[in-house]
Amino acid sequence: MHLERLRALHAVAVHGSIAAAAEALHVTPSGVSQQLAKLERETGHALLEPQGRGVRLTRAGHVLAGHAARVLAQLSAAAAELDGLREDVTGPVRLGAFVTAARSVLPPALAALRERHPGLSPTLQEGEAENVLPALARGDVDVAMVESWDTLPTPFPASVSNVLLSSDVIDLALPAAHPLARRRTVDLHELRGLRWAGWTAGGTCEKQLVQTLREHNVEPEIACSVADYPTQLAFVAAGLAAALIPRLGRDPVPAGVRMLATRPVVRRKIYVAWRTEAAGPAVDACVEALRAAAEHFMEDRLAS
């Protein structure tokens with residue numbers, strides 16, 4: 001038996017007429033009559049009989065209306081219990097993030113989560129998008145922070161939802177003694193012949209560096225591959241390499257390094273992502289905490 005037909009019968013039993021039932025259900029009287037006619041065919045019983053200008057329930061109608069009332073009450077109780085679960089922000093939640101987000105945005109976000117939702121138990125694993133997003137899609141990670149350079153956008157799996165947290169500018173780091181270091185802005189096509197500090201060989205960040213330079217007819221020579229921007233800056237300070245450094249990941253800039261703007265400006269976007277089907281209180285709380293922490297961090301960076 002169709003639930004909406006039982007709901008129509010229950011409404012007639014409670015409100016006493018088809019017209020009143022239709023008003024309570026926000027449908028037309030003919031719609032209620034059609035539902036009841038189908039219910040009679042399904043059950044093989046007459047459920048209504050004429051009474052003056054209106055109708056009344058038959059004996060079968062009263063029996064079925066009693067069952068309908070209990071079914072609807074049980075469904076209402078189930079919905080209320082599920083709504084209660086949505087309000088509980090508890091249990092484990094597994095976070096994945098690239099290293100600069102893990103260093104700058106996650107600590108204040110996790111501190112805020114601990115204060116607001118002490119029943120939540122977050123854990124963190126660091127990794128680039130190429131590792132974190134597959135783990136998210138498999139269900140090994142619940143919430144992920146990933147970066148996406150404009151020159152090489154990160155593709156998101158179809159099963160994943162995402163929200164943009166912030167946009168970050170990529171600057172050029174040069175040894176202070178380099179001739180171009182006296183400039184404030186450098187065209188990317190001027191960077192031929194430099195040796196570069198890049199991220200882990202073959203990883204997303206290195207691919208983004210190579211793609212960005214190749215778009216401007218520069219074939220980069222990677223002199224060192226280190227998965228940490230401060231270490232890359234140390235190589236720049238020693239005069240061993242140049243680097244493209246996001247502003248989110250560059251503090252502090254060591255002596256001997258000049259940071260220059262590029263033309264065109266290179267940007268990366270920072271997203272928080274989660275499996276669409278796994279959205280719930282814990283995920284929602286994490287997304288909101290990360291959004292607030294990223295916004296606060298970027299405001300502080302712009303003010304400094």
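This report describes the overall form, the salt bridges and some local backbone features of a predicted protein model.

## Overall form

The protein contains ten helices and twelve strands. Its radius of gyration is 31 Å, whereas a compact globule of 304 residues would have a value near 19 Å. Along the principal axes, the C-alpha atoms fill a box of roughly 100 × 40 × 35 Å.

Buried residues make up 42% of the 304 in the protein. The exposed surface of the protein is about 15,700 Å², and 54% of that area is supplied by carbon and sulfur atoms. Among contacts with a sequence separation of 6 or more, 74% are between residues 24 or more positions apart.

## Charges and salt bridges

The protein carries 31 positive and 33 negative side chains. The centres of these two sets lie 3 Å apart. Across the whole structure, a search finds 15 salt bridges. Three individual pairs and one network are described below.

## R5 and E42

R5 and E42 form a salt bridge in which the closest N and O atoms are 2.2 Å apart. R5 belongs to helix α1 (residues 3-15) and E42 to helix α3 (residues 29-43), so the bridge ties together parts of the chain that are 37 residues apart in sequence.

The two partners differ in burial class. R5 has a relative accessibility of 15% and counts as buried because this value is under the 20% cut-off. E42 is partly exposed, with a relative accessible area of 39%. Leaving aside residues up to four places away in sequence, R5 touches Q35, L36, K38, L39 and E42. The salt-bridge partner E42 is therefore one of the residues in contact with R5, and the cut-off for such a contact is heavy atoms within 4.5 Å.

## K269 and D150

In the salt bridge between K269 and D150, the closest N and O atoms are 3.1 Å apart. This pair links distant parts of the chain, 119 residues apart. K269 lies in strand β12 (residues 266-275), and D150 lies in the loop between β5 (143-149) and β6 (160-175).

K269 counts as partly exposed at 26% relative accessibility. D150 also counts as partly exposed, at 41% relative accessibility.

## R263 and D187

R263 forms a salt bridge with D187, and the closest N and O atoms of the pair are 2.7 Å apart. Here the linked parts of the chain are 76 residues apart, with R263 in strand β11 (residues 257-263) and D187 in strand β7 (residues 185-187).

R263 is partly exposed, at 44% relative accessibility. D187 has a relative accessible area of 18%, so it is buried.

R263 also takes part in a backbone feature. The peptide bond that joins R263 and P264 is cis, with omega about 0 degrees. P264 is in the loop between β11 and β12. Most peptide bonds are trans.

## The salt-bridge network and P246

E147, D168 and R268 are linked in a network of salt bridges. Two members of this network, D168 and R268, are among the residues that P246 touches. The contacts of P246 also include V169, I170 and Y229, where residues up to four places away in sequence are not counted.

P246 is found in strand β10 (residues 243-246). At 0% relative accessibility, P246 counts as buried. The C-alpha atom of P246 is separated by 62 Å from that of A68, and these two residues are 178 residues apart along the chain.

## Residues with positive phi

Most residues other than glycine have a negative phi. Two residues that depart from this sign are described here.

H26 is not a glycine but has a positive phi, near 60 degrees. H26 sits in the loop between α2 (18-25) and α3. Its relative accessibility is 72%, so H26 counts as exposed.

N217 likewise has a positive phi, of about 60 degrees, although it is not a glycine. N217 is placed in the loop between α8 (204-214) and β9 (221-225). At 59% relative accessibility, N217 counts as exposed.

Conventions:
Residues are numbered from 1 along each chain as its sequence is written. This is a predicted model: local features need pLDDT of at least 70, side-chain atom pairs count only at pLDDT 80 or more; totals for chains, interfaces and linings use all residues. Side-chain values use heavy atoms; hydrogens and water are left out. Helices (H or I, at least four residues) and strands (E, at least two) are DSSP runs, numbered from the N terminus. The radius of gyration is taken over C-alpha atoms; the globule rule is 2.2 Å times the number of residues to the power 0.38. Buried means under 20% relative accessible area, exposed over 50%, partly exposed in between (1.4 Å probe, protein chains only). Accessible areas come from the Shrake-Rupley method with a 1.4 Å probe; for residues, only the protein chains shown count as cover. Lys and Arg count as positive and Asp and Glu as negative; His and the chain ends are not counted. The place of a charge is taken as NZ of Lys, CZ of Arg, CG of Asp or CD of Glu. A salt bridge is a side-chain nitrogen of Lys or Arg within 4 Å of a carboxyl oxygen of Asp or Glu.
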